[in-house]
Amino acid sequence: MTTPSTDRRTDHPGVTGRTVALCSGALAALLGAGFVAVSLAYNHGSLVPPLDDVYIHLQYARQFGDGEPLRYQPGAPITTGASSLLWMALLGAAHAVGFDGRWLLAVAVVGGVAGVAATAALTSAAATRLGGRAAGVWAGLLTALCGPLLWGGASGMEVGLLAALTSGTLLAYLRERPRFRWTPVVAALLALTRPEGFLIAGAFVVAMLWTLLRPAWVRVAHPLLVARTGPSSEPFVRRARSCERERGDGEGRDGEGTAPDGEGGAGLGGAGTGGAGTDRAGAGGAAPWGRVALVALPVVAFAGQLLLFRVLTGTSQANGVLAKSWLHTGFLHQPLEIADHVQRNVAAILASLAGLSGQDVLAPLALVLVVLGLAALVAHGERILAVVLGGGLTLVVLAVATLTTAMWQDLRYLQPFLPLLLLLVVLGAGLVPHRAVRGGLLVVVLLFTVAATPAWAVRLGQQASAMREGPVGVAQWIAGNVPPGEAVAVNDVGAAAWFGGHRTVDLVGLTTNGMAAPSLNGAGTLYEALRALPEPERPRWFAVFDRWGGVPVADLGRAGLLGAEPVITFALTAPARPVSPSAPQTCQIDRSCDRVSIWRADWSAADSARAPDLPVPGRVVDHLNVGDMADEAAHGWTTDPPVLGVQPDSALDRATVAPGRLVADSGRHVVGGETFTLGGTVPGRPVTLTGRIGAGPALPGERTRVVAVDVDGRPAGEWTLPDAQPWAQASFTVPGALVTGDRVTVTTRPVAPLLAPYPDYRSYGWWASR
């Protein structure tokens, strides 16, 4: 096979692979500086990041540098809202030595750009080892010009660090095999940078273990193979031992090829991986158990992080996963529906990576060359590396696809792994036998990249400008107008905490424990989670989007919590700049969250829903507050909708139920029926069930309001629910013959199972009285 290097005549003797790598890094650094300059121009010389998440990192880093790691604000509980533990620690170290305010932001931006520069150099060096010097030139050039990667580095997020560690792990693996010293260390740092990084690191761990343990397996398996299969096993054994001897002979070269710095470059195996046939066993014949333990370091590091989270917060899942994953979205976890969402995200991601979404991530049909690149690795003896890169990247795509935000913010979760794809693009082009066609393909990829890169720089500046208009402006108002000591509830928590100087309550749940699940279930459950806070910790102010595609925070006003009217409203003035319908950016840039209002909280109705609206028969012995997730769990509340995909989303309403009595209450939209358990009953004595019930959509007939009632699995009769907005109180008497213990489990269900129209109503609360 020929690579982009075509033949030795195109390799200039005075240009080494190291020179190519350094030039690639320098070009990336220069372009990164240009991206920052564009952002500064859009903000009149002020350094502003394009994402609010950058300020989350900075806030955690400031606390880390002040000796309060994982505490978002002074004295706050430990939380896991920082998506990158290693990036937070590095920025925290910078703060500890004196960088603060805008200078800490500058450190984050410079560090991100430096990470991209290092990535370009490392990717070039890895490509040189795999495909020759010309492959190194192409891979380094495409990486340095990669607009999404430059955007991610200049943003101040962990993109540059993660990309550098990803390419660094690959290069270390190529240089060190079969005696791994620094590869496990670099991979461990990769695993601590983001969970997606661990997937790549884990793939390399498997490759390193295979390299180290295969000789021992051959020695053990040889007698068994001979005993069972006889002479037919000898060719396999001879080939394995030959590979073992070749690897032992190549150890002194530190994984280098026959030509220094990959100068040969005519074939994939001819430069930098010890010649052809590079998937060889470990050295020396004996399993190096000390190195096996070292190779496991990335797994140990990531497991240690999960254990740390578990010990400190009660869960090994980071708050970002709890708040953004389809695996945690909604009250009901329906595997088929989750798989559907993930599959659609995978399709959207592949369309973006294939250049079919209008997002300008990679050149059109680049994925075809990526697949050819994997085939090129297999064809030239790099089967294990092909599995590592193909399998690792596939796992990354699948992991990102589980997020509800998979396509948000210019695919920033995938940006760090684009250099690996670009390297495979270059290797894939090398499979094309015709020199002119091969060069033409790479020129087309290069021209597309060059054409798209300036657009990414402008996009960075526009998003930073929208951040300045939105979250930064709101945070500055909070700092100057909210009285000291009063907490502010926000849906964008980064700038609000960094500039605001007040305790924040994160309505999304990244930096406030226990808010992620309620926010994902709707305004009603979110209201109950806020109401459950100790009164001194309840937010006295709300700074929330008027409208937004995420958590419906503005619906908190349905309970009167947001007061009569906002104190001030911030409206974006910049024009909408959407990229494409399938490629959402930050909501400020496409104007889907163009207004933020600040409200003074009104908690006067916080405890108004505990008692029934009207007197009930006898004495109340138990109460279920539907919408309060803790109370729902205590009473075993659940629902079984007849159609997959229907979720019991929470609602929030208020009503005047009696002169001078205003009730604000949460509930859930129930389709089909619900099940719950109430206590305080006495065997043989009737019990009255009283519900606060709201009518669903108005349809002719009563079928949507008629339910069958079961008690402990036995029919108790039919019940016509009230037709009222927002709710009415109604009661149902359970005969004493059906009460057999100190609690009853009640189920409402369709009279005709699985036949539409189904019961459709809102359930706000239940009382048992006797």
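This report describes strand pairing, nonpolar cores and internal cavities in a predicted model.

**Strand pairing**

Strand E5 (residues 595–600) has two antiparallel partners described here. Strand E3 (residues 541–545) is joined to E5 by five bridges, and within this pairing Trp541 has Arg600 as its bridge partner. Strand E4 (residues 568–571) is joined to E5 by four bridges, with Thr569 partnered by Ser597.

A further set of pairings involves strand E9 (residues 661–671). Strand E8 (residues 650–658) pairs with E9 in the antiparallel sense over eight bridges, and Ala655 has Val663 as its bridge partner in E9. Two residues lie between the strands in the hairpin of E8 and E9, where Gly660 takes a positive phi near 80°. E9 also runs antiparallel to strand E16 (residues 760–769), to which it is joined by four bridges; here His669 stands opposite Arg762. Eight of the eleven residues of E9 are buried, so this strand is largely enclosed by the rest of the structure.

**Nonpolar cores**

The largest nonpolar core comprises 113 residues, and Tyr55, Leu58, Ile349 and Leu385 have the most contacts inside it. Beyond its neighbours within four places in sequence, Tyr55 is in contact with ten residues listed here in full: Val48, Pro49, Tyr72, Leu105, Met467, Val472, Gly494, Ala495, Trp498 and Phe499. Another core, of 30 residues, lies apart from the largest one and includes Tyr60, Tyr72, Met88 and Val493. In soluble globular proteins, nonpolar side chains tend to be buried together.

**Cavities**

Five cavities of 30 Å³ or more are present in the structure. The two largest are set out below.

| Cavity | Volume | Lining by class |
|---|---|---|
| Largest | about 110 Å³ | 13 nonpolar, three polar and one charged residues |
| Second largest | about 80 Å³ | eight nonpolar, one polar and one charged residues |

The largest cavity is lined by 17 residues, and Val361, Leu362, Ala363, Phe448 and Thr449 lie nearest its centre. Helix H6 (147–155), helix H17 (418–429) and helix H18 (435–481) each supply at least two residues of this lining. The largest share, six residues, comes from H18.

H18 also contributes to the second largest cavity, where H18 and E3 each supply at least two lining residues. E3 gives the largest share of that lining, three residues. The residues around the second largest cavity are Pro471, Val474, Val490, Asn491, Asp492, Ala496, Ala543, Val544, Phe545 and Val596. Strand E3 thus appears both in the lining of this cavity and in the pairing with E5.

Conventions
Residues are numbered from 1 along each chain as its sequence is written. This is a predicted model: local features need pLDDT of at least 70, side-chain atom pairs count only at pLDDT 80 or more; totals for chains, interfaces and linings use all residues. Side-chain values use heavy atoms; hydrogens and water are left out. Two strands pair if DSSP finds at least two bridges between them. A nonpolar core is a set of buried Ala, Val, Leu, Ile, Met, Phe, Trp, Tyr and Cys residues joined through side-chain atoms within 4.5 Å. Buried means under 20% relative accessible area, exposed over 50%, partly exposed in between (1.4 Å probe, protein chains only). Contact means heavy atoms within 4.5 Å. On a 1 Å grid over the protein atoms alone, a cavity is a set of points where a 1.4 Å probe fits but cannot get out, and a pocket is an open set with protein on both sides within 12 Å along at least five of seven lines; lining residues have an atom within 4 Å of a point. Grid points are joined across faces, edges and corners, and a volume is the space filled by probe spheres set on the points. Ala, Val, Leu, Ile, Met, Phe, Trp, Tyr, Cys and Pro count as nonpolar, Asp, Glu, Lys and Arg as charged, and the others, Gly among them, as polar.
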